[in-house]
Amino acid sequence: MIKFAIVGCGRIAKKHSEAIANAQGAELVALCDIDENRLNQMSVENNVRATYTTLTEMVQNPNIDVINICTPNAVHAENAIEAIEAGKHVMVEKPIATSLEDADKIIEAADRKGVKAATVHQNRFNEAIQKTREAFEEGMFGEMSHGVASIRWNRNMGYYNQDSWRGTVNHQDGILMNQCIHNIDLLIWMMGPVKSVTGKTVTRFRDIEMEDVGSAILEFQNGAIGMIEGAGTIYPTNLEETLNLFGSNGTVCVGGIAVNKIETWRFSEDFKESEEILLNQQKDNPPTVYGFGHQLIVEDMVNSIKYDVEPYITLLDGRKAIEVVLAIYESSRLGKKIELSKKTSVRN
């Protein structure tokens, strides 16, 4: 049994605790949070006796194998590195860091210490995404034309008022970095290395420091282009998360509330029968935008440790996503196209 701990008992920690409870070979044994009321409540809900108010205390527990980093964005890197230096495996919530420098520090520490380290981009495990990825790997799309990633959700002031760090520049907590980053990860995972980014961000309705709407055009090194739309301003509730991919020999559109349902599947001119069969096999939407992937990503970490293999979603994957988001922010600020470094962007 692989023993898990969670640092940060806020909104996303509940998904992690549920995933660990349901995952084969995993057990939640410790919790950490600076807010003792929140910590105590979560410990009671999960029947966890080992609780800590500092990560420094928790990493000294020899019974812990993996620490899930669920703290605010700006301290992800600091917390991950402290856990890694103590010899713990880590699962780091997105974004893994708020700068490329900090992302590189986490990657270097994990490599040096020889621990398993994963980025929590759970939507890669969606059945619809896995099937789409298989089509890519089998060359079914042909040459790519373009791809479009959209998140149309509602993040009102009630959401931002939950915690003082939300929506702040210090935590880079805009709609692109904290929500749309999942779909950005999927887009660049499918389409390949990014050459350049042109973006625009604005704060339309929310009283926050970061953007509540953002968009961008990506140029990929293979000549294809990508389009990103991220909005937390959709009225009155979450609408959809979609990934649309277009190639010379294929078209796939994945939708649903959490990019979980194939809506278009066309790899021949006579596509109607095969598409109808596939669409009829689709599952219902998950109950929330978090989807069904957290349990699978926990089980992947269990297997990674058990069989000494690399996690399915690495820290480097997490770095690629924040590289694109940070380039969008820079492009919007400077009003010009941002070229991505070949040294980093080719690491797909």
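How many disulfides does the count come to here? Zero. Before I say why, one caution: this is a predicted model, so please keep that in mind for the whole talk.

Okay, the cysteines. A disulfide is a covalent bond between the sulfur atoms of two cysteines. To be counted, the two sulfurs have to be within 2.5 Å. Now take Cys9: the closest cysteine sulfur to its own is in Cys32, 7.4 Å away, and that is too far for a bond. Going the other way, Cys32 has Cys9 as its closest partner, at 7.4 Å, so that doesn't work either. As for their surroundings, Cys9 is buried, with 6% relative accessibility, and Cys32 is buried too, at 3%.

Let's move along to helix 4, which covers residues 76-85 and holds Ala80. Is Ala80 buried or exposed? Buried, with a relative accessibility of 0%. And what does Ala80 touch, once you leave aside its neighbours within four places in sequence? The contacts are Ile69, Val90, Val92 and Ile106. If you'd like a distance to try on your screen, go from the C-alpha of Ala80 to the C-alpha of Asp163: they are 21 Å apart, with the two positions 83 residues apart along the chain.

Next up, the aromatics. A pair of aromatic rings is described by the distance of the centres and the angle of the planes. Searching the whole structure turns up six aromatic pairs. One of them is Phe125 with Tyr312, a tilted pair with 5.2 Å from centre to centre and 45° between the planes. What I like here is that this pair links distant parts of the chain, 187 residues apart. Phe125 is in the loop between strand 6 (117-120) and helix 6 (127-137), while Tyr312 is in the loop between helix 10 (293-307) and helix 11 (315-334). Phe125 counts as buried at 15% relative accessibility, whereas Tyr312 is partly exposed at 34%.

Another of the pairs is Trp265 with Phe267, and this one is edge-to-face: the centres are 5.0 Å apart and the planes make 70°. Trp265 is buried, at 10% relative accessible area. Both of these rings also belong to one aromatic cluster, together with Phe136 and Phe141. And while we're looking at rings, check out Tyr159: the charged end of Arg155 sits over its ring, 5.1 Å from the centre.

Right, on to the sheet. Strands of a sheet pair through backbone hydrogen bonds, either parallel or antiparallel. Here we have an open sheet of eight strands with mixed pairing, in the order 13-12-11-7-10-9-8-14. Which strands are at the edges? Strand 13 (261-266) and strand 14 (338-339), each pairing on one side only.

Let's walk in from the strand 14 end. Strand 14 runs antiparallel to strand 8, and two bridges join them; one to look for is Ser196 with its partner Glu339 in strand 14. From strand 8 we step to strand 9, again antiparallel, with eight bridges. Val197 is bridged to Leu218 of strand 9, and Thr201 to Gly214 of strand 9.

Then come strand 9 (213-220) and strand 10 (225-231), antiparallel over seven bridges. Gly214 has Gly230 of strand 10 as its bridge partner, and Ala216 has Ile228 of strand 10. These two strands make a hairpin with four residues between them, and in the turn Gly223 has a positive phi of about 95°.

Strand 9 also shows two faces. The covered one has Gly214, Ala216, Leu218 and Phe220. The uncovered one has Val213, Ser215, Ile217 and Glu219.

Last thing: what packs on this sheet? Helix 6 lies across strand 7 (144-152), strand 11 (240-247), strand 12 (251-255) and strand 13, and runs at about 25° to strand 13. Helix 11 packs on the sheet as well, touching strand 8 (194-202), strand 9, strand 10 and strand 14, with its direction at about 60° to that of strand 8.

That's my tour, thanks for listening.

Terms used: Residues numbered from 1 in each chain as written. Predicted model: local features only at pLDDT ≥ 70, side-chain atom pairs only at ≥ 80, totals over all residues. Heavy atoms only, no water. Buried < 20%, exposed > 50% of the residue type's maximum accessible area, 1.4 Å probe, protein only. Contact = heavy atoms within 4.5 Å. Phe/Tyr/Trp six-rings, centres within 6.5 Å; stacked < 30°, edge-to-face > 60°. Lys NZ or Arg CZ within 6 Å of the ring centre and 35° of its normal. Pairing = 2+ DSSP bridges. Axes fitted to C-alpha atoms, helices over the stretch in contact; angles between N-to-C directions.
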